[in-house]
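Let's take a walk through this one, starting with the overall fold and ending at a single residue.

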Amino acid sequence: MTEEKSNVVYIGDKPYNSEDLSKEQIRLFNKTLRYQNRVEELRDGLEDATILHKDFSEKLKSSLANAETTKAMENSKVS
């Protein structure tokens, strides 16, 4: 049994035989694939950056609060 490789590509939910596309259409199709993948990578990176930003902000606030508490305690001992 021989397996046939499908040369059908979908553009906007419409099937096209890749052999019927011009070189320019194939080039543009490949660019759309490349940039769609890049969009997904950037979304992933943005999600990670947002989580890390929140985490570091909370750590900074906690550190500042601890420093203020320590300073207040030190000041109360001096009195």
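What follows covers the layout of the chain, its surface and charges, the model confidence, and one loop residue.

Keep in mind that this is a predicted model. The chain has two strands and one helix, and along the sequence they come in the order β-β-α. Its radius of gyration is 28 Å, well over the 12 Å that the globule rule gives for 79 residues, so the chain is more spread out than a compact globule. The C-alpha trace tells you how that looks along the principal axes: about 90 × 35 × 15 Å.

How much of the chain counts as buried? Just 4% of the 79 residues do. The accessible surface comes to about 7,600 Å², and carbon and sulfur atoms account for 55% of that. As for charges, the chain carries 13 positive and 15 negative ones, and their mean positions sit 7 Å apart.

On confidence, the chain averages a pLDDT of 90, with 91% of the residues scoring at least 70. Among the elements, the two strands mark the ends of the range, with β1 lowest and β2 highest by mean pLDDT:

| Element | Residues | Mean pLDDT |
|---|---|---|
| Strand β1 | residues 8–11 | 90 |
| Strand β2 | residues 14–17 | 94 |

Now for the loop between β1 and β2, which is where you'll find Asp-13. This residue is not a glycine, yet Asp-13 has a positive phi of about 65°. Is Asp-13 buried or exposed? With a relative accessible area of 75%, Asp-13 is exposed, as the cut-off for that is over 50%.

Definitions and conventions. Residues numbered from 1 in each chain as written. Predicted model: local features only at pLDDT ≥ 70, side-chain atom pairs only at ≥ 80, totals over all residues. Heavy atoms only, no water. Helix = DSSP H or I, 4+ residues; strand = E, 2+ residues; numbered from the N terminus. Rg over C-alpha atoms; globule rule 2.2 N^0.38 Å. Buried < 20%, exposed > 50% of the residue type's maximum accessible area, 1.4 Å probe, protein only. Areas by Shrake-Rupley, 256 points an atom, 1.4 Å probe, with all protein chains shown as cover. Lys, Arg positive; Asp, Glu negative; His and termini not counted. Charge placed at Lys NZ, Arg CZ, Asp CG, Glu CD. pLDDT = per-residue confidence, 0-100.
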